[in-house]
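Visitor: Could we go through how the two chains meet, and then the empty spaces?
Guide: Certainly; here is the model.

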Amino acid sequence: MTPGFDLNEDDQDIVTEVINIGVGRAAAALSRMIGEEVRMVAPSTEILSRPAAAALLGNLTNDKIMGVRQEFVGPLTGVAALVFPEKRSLEIVRAVVGSDYPIEDITELEQETLLEIGNILLNNCLGTISNIFQARSTASLPVLVQGTAEELFCRDTEDQAGDGMVLFLHIGFSVRSRDVTGYLTFILDLATAEKFIGFIHAYLETAQKGGGI
Amino acid sequence: MAQKTVLIVDDSKFARLSLSSIVARHFPDWIIGEAANGAAALCALGEAAVDFVLLDFNMPGEDGLTVAQKMRELRPDSRIALVTANVQDAIVQQAHALGIGFIPKPVEAEMLRQFLAAP
């Protein structure tokens with residue numbers, strides 16, 4: 001662990017609250033796209049090694065994954081991803097494009113639709129979090145990831161000490177009528193996590209003065 | 001303005017602190033109570049009425065809308081607002097159907113002040 005990095009109970013509480021607000025906006029966007037309520041599970045925050053984070057996500061999805069990954073620079077600097085179990089990802093696409101669309105056309109559309117869903121959800125979430133901190137985020141173009149959770153987190157990260165510890169945030173959400181559970185995940189290496197905690201502390205100070213946002 | 005009472009119900013300590021700081025800043029004389037979940041909030045309301053309840057939606061145990069329904073039966077005169085990050089249209093509509101307010105997180109201090117200042 002990076003010397004000086006600390007995530008005490010109060011920090012964790014604020015991180016959870018901020019992530020909840022971001023994910024709440026993303027869920028509202030998804031809910032509008034599919035015309036159905038989206039259920040959210042409380043977010044989890046853990047400090048883990050990259051492989052352990054991948055193993056955790058692998059256990060949650062219990063399958064190979066299909067997802068959209070984007071790199072962000074801002075209050076949250078790192079990798080954000082929207083992830084579904086591979087076998088269920090088509091269901092979410094179907095929920096968005098509508099049931100009366102011919103199945104062969106949907107398969108063709110699947111990747112582009114997933115990319116767009118990921119782009120909208122991840123930007124809603126990260127954009128809202130940036131607004132809370134009155135800061136700005138920039139995002140790379142969304143990239144489709146298909147395979148194992150290890151591939152999602154460990155690919156292209158050799159230059160960032162691939163086996164180092166990371167701050168791993170994840171939150172599950174489900175669409176009942178489609179029986180799909182997806183995950184929004186964020187992975188921050190500890191140096192950028194410290195920067196995020198700096199934003200958290202400043203936000204706490206504002207809140208203590210009764211300033212709201 | 002007369003001294004009033006506000007019950008803040010949220011599982012996040014930070015959210016409770018943030019809301020109570022806004023209330024204290026605008027209404028320094030008011031009495032602020034806190035509860036970390038719906039069960040504790042209903043227990044507090046059973047003992048004493050309050051003027052306002054600020055109620056989170058996603059909490060361990062029962063969700064805010066279920067809790068609000070029970071509060072309505074227990075204390076029909078308390079004015080309730082759902083204060084939540086869950087800003088889906090379905091949740092907003094359910095809050096309106098129940099006749100309670102809706103304040104999205106992150107909370108704008110002015111929006112909360114208006115809810116508490118309304119006659």
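Visitor: Which side chains meet in a salt bridge, for a start?
Guide: The side chains of E17(A) and K105(B) do, at 2.5 Å from N to O. A salt bridge here is a side-chain nitrogen of Lys or Arg within 4 Å of a carboxyl oxygen of Asp or Glu. This is a predicted model, in which local features need pLDDT of at least 70, side-chain atom pairs count only at pLDDT 80 or more, and totals for chains, interfaces and linings use all residues. Residues are numbered from 1 along each chain as its sequence is written, chains are lettered from A in the order in which they are written, and side-chain values use heavy atoms, with hydrogens and water left out.

Visitor: How many salt bridges are there between chain A and chain B?
Guide: The count is three.

Visitor: Which elements give two or more residues to the side of chain A that touches chain B?
Guide: They are α1 (9-34) and α6 (190-208) of chain A, helices being DSSP runs of H or I of at least four residues, numbered from the N terminus. The largest share, 12 residues, comes from α1(A).

Visitor: And how much area do chain A and chain B bury?
Guide: About 2,100 Å² between them, 56% of it on carbon and sulfur atoms. Buried area is the accessible area (1.4 Å probe) that two parts lose on being put together, summed over both. In terms of contact (heavy atoms within 4.5 Å), 26 residues of chain A touch 26 residues of chain B.

Visitor: Changing topic: how many cavities of 30 Å³ or more does the structure hold?
Guide: Three. On a 1 Å grid over the protein atoms alone, a cavity is a set of points where a 1.4 Å probe fits but cannot get out, and lining residues have an atom within 4 Å of a point. Grid points are joined across faces, edges and corners, and a volume is the space filled by probe spheres set on the points.

Visitor: What lies nearest the centre of the largest cavity?
Guide: Of its 12 lining residues, E17(A), Y203(A), S18(B), K105(B) and V107(B) lie nearest the centre. The volume of this cavity is about 100 Å³, and α1(B) gives the most to the lining, with four residues.

Visitor: Which residues line the second largest cavity?
Guide: The lining consists of E17(A), N20(A), D56(B), N58(B), T84(B), A85(B) and K105(B). The salt-bridge partners E17(A) and K105(B) thus appear in this lining too. The volume is about 50 Å³.

Technical notes:
1 Å grid on protein atoms, 1.4 Å probe; cavity = no way out; pocket = protein on both sides within 12 Å on 5 of 7 lines; lining within 4 Å.
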